[in-house]
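Let's take a relaxed walk through a protein model, one piece at a time. Have the structure open and turn it as you read.

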Amino acid sequence: MTIIDTKAAITVVLPEAFDERWSRLPGIQVDGQRITIDPAEYFFRFESNTWLVADWELVKSQLLEAQETTESAVEQLALDFIKAHAASTSDAARVLSTAYEVYAYLFRDEHLANLGLPQITAEHLRMLREAATLMALNKVELDGHISNVGPCWFFPAATSVVFDLDDEMGGTLDEVYHGGWFNEHRRIESIKAHAALGGRLVHGCQSVPDQSGGVVAPYGASMTAFRDDLAAFKAGWIEQVYAHRVSPAA
C-alpha cells in the first residue's frame, strides 16, 4: 500500500487571483494568485498523489479544433490524444495550473449570451472557474474507487460557503456547470478540453443538482463502482462543508 504524505503543502501561483474567501474552508489559504493547500486539513479523503495530465498548449493546437467523423467520435479523438500525450505527475501545482487553463476556456465570458440564464454574470463564471480548478485534485481510479475527495466535490455547498450564495443561486450555478452535459456544443468542448486532465468529466447528479459532484475520470473507469462509492460517503461530508457558512451580520 502506498503511503501518501499529507503533511507536504500544495502551493501554486495561478494567472488569476482567487477569491480570498476560499480560506473559509479548512486547509486552504488564498493570497492573491497564490493558493496553499494543506492536504491533511483540506481533503476528506486523500489516497492518491498522482494525476494524469497533458500539456494544455498541445491540447489547444492539436485537439480543440479537431472534428469527429463517421469513423472516429470525439471521445475517441480525446482518448487517442490522452494515450499519446498524457503522463502521470505527482506535481499537484501542475494539475491545478492545467485545470485553470481548462476552465478558463470552458467558462469563458462569450458563453454568457447562450446560457439562457440572464441572472448568470461574468462574476458567476469566475466562481465556476475557481471551483472547477480546485475540483481537479479530486480523483477516481480505474476500478471506480474514489480516491481523493475535497470540499469542492460538493459544488453547491462549497460555492455557497465561499461566495455567500443562497441555495437558489447555488443551484443555478450548478446548472451552468451541468450544461457541459446537456448542451452538445459545450459537451464537445468539454470532452476535448478535459483531455488535458487525463480523462472526461463525469457527474453523479441527475438533471437536478443534488451535490453528487463531478470528477475527471479516466476512460474505462467503472461507473458502477463509482456510483456505489459516492452513495456511501456523501451526506456527512456535505454537512461539514456547510458548517463553514458565514452567517450574515445582524
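In which kind of crossing does helix 5 pass helix 6? The crossing is right-handed. Keep in mind throughout that this is a predicted model.

## Helix 5 against helix 6

Let's stay with this pair for a moment. Two packed helices can be described by the angle between their axes and the distance between those axes. Helix 5 covers residues 122-135 and helix 6 covers residues 155-163. They pack at an angle of about 120°, and their axes are 11 Å apart. Angles from 65 to 115 degrees count as roughly perpendicular and those over 145 as roughly antiparallel, so helix 5 and helix 6 come out as oblique to each other.

Who actually touches whom? On the helix 5 side you'll find Arg 126, Met 127, Leu 128, Glu 130, Ala 131 and Met 135, and they meet Phe 155, Thr 159 and Phe 163 of helix 6. Sorted by class, this contact has six nonpolar residues, one polar residue and two charged ones.

## Helix 6 on the inside

Now zoom in on helix 6. Nine of its nine residues are buried, so the rest of the structure largely encloses this helix. Reading along, the buried residues are Phe 155, Pro 156, Ala 157, Ala 158, Thr 159, Ser 160, Val 161, Val 162 and Phe 163. Just past the end of helix 6 comes Asp 164, which has a positive phi of about 55°.

Let's pick out one residue of helix 6, Thr 159. Is Thr 159 buried or exposed? Its relative accessible area is 0%, and buried means under 20%, so Thr 159 is buried. If you skip the neighbours within four places in sequence, Thr 159 is in contact with Ala 131, Asp 164, Leu 165 and Leu 173. Ala 131 is one of the helix 5 residues we met above, and Asp 164 is the residue with the positive phi.

## Helix 3 beside helix 8

Here's another helix pair to look at. Helix 3 (residues 74-85) and helix 8 (residues 184-193) pack at an angle of about 15°, with 9 Å between their axes. Angles under 35 degrees count as roughly parallel, so that's how helix 3 and helix 8 are described. Helix 3 passes helix 8 in a right-handed crossing.

The contact brings Val 74, Glu 75 and Ala 78 of helix 3 up against Arg 187, Ile 188, Ile 191 and Lys 192 of helix 8. By class, that makes four nonpolar residues, three charged ones and no polar ones.

## A sheet of three strands

Time for some strands. Three of them form an open sheet in the order 4-8-7, with antiparallel pairing. Strand 4 (45-46) and strand 7 (139-140) are the edge strands, since each pairs on one side only.

Strand 8 takes in residues 146-149, and two bridges join it to strand 7. For a spot to click on, try Lys 139: opposite it in strand 8 stands Asn 148.

## A glycine in a loop

Last stop: Gly 32. Where does Gly 32 sit? Its place is in the loop between strand 2 (28-31) and strand 3 (34-37). With 21% relative accessibility, Gly 32 counts as partly exposed.

Leaving out neighbours within four places in sequence, Gly 32 is in contact with Ala 17, Phe 18 and Glu 20. You can also check a distance from here: Gly 32 and Phe 154 are 122 residues apart in sequence, and their C-alpha atoms are 24 Å apart in space.

Key: Residues are numbered from 1 along each chain as its sequence is written. This is a predicted model: local features need pLDDT of at least 70, side-chain atom pairs count only at pLDDT 80 or more; totals for chains, interfaces and linings use all residues. Side-chain values use heavy atoms; hydrogens and water are left out. Axes are lines fitted to C-alpha atoms, for helices over the stretch in contact, and angles run from 0 to 180 degrees between N-to-C directions. Helices (H or I, at least four residues) and strands (E, at least two) are DSSP runs, numbered from the N terminus. A crossing is left-handed if the near helix is turned anticlockwise from the far one by less than a right angle, and right-handed if clockwise. Contact means heavy atoms within 4.5 Å. Ala, Val, Leu, Ile, Met, Phe, Trp, Tyr, Cys and Pro count as nonpolar, Asp, Glu, Lys and Arg as charged, and the others, Gly among them, as polar. Two strands pair if DSSP finds at least two bridges between them. Buried means under 20% relative accessible area, exposed over 50%, partly exposed in between (1.4 Å probe, protein chains only).
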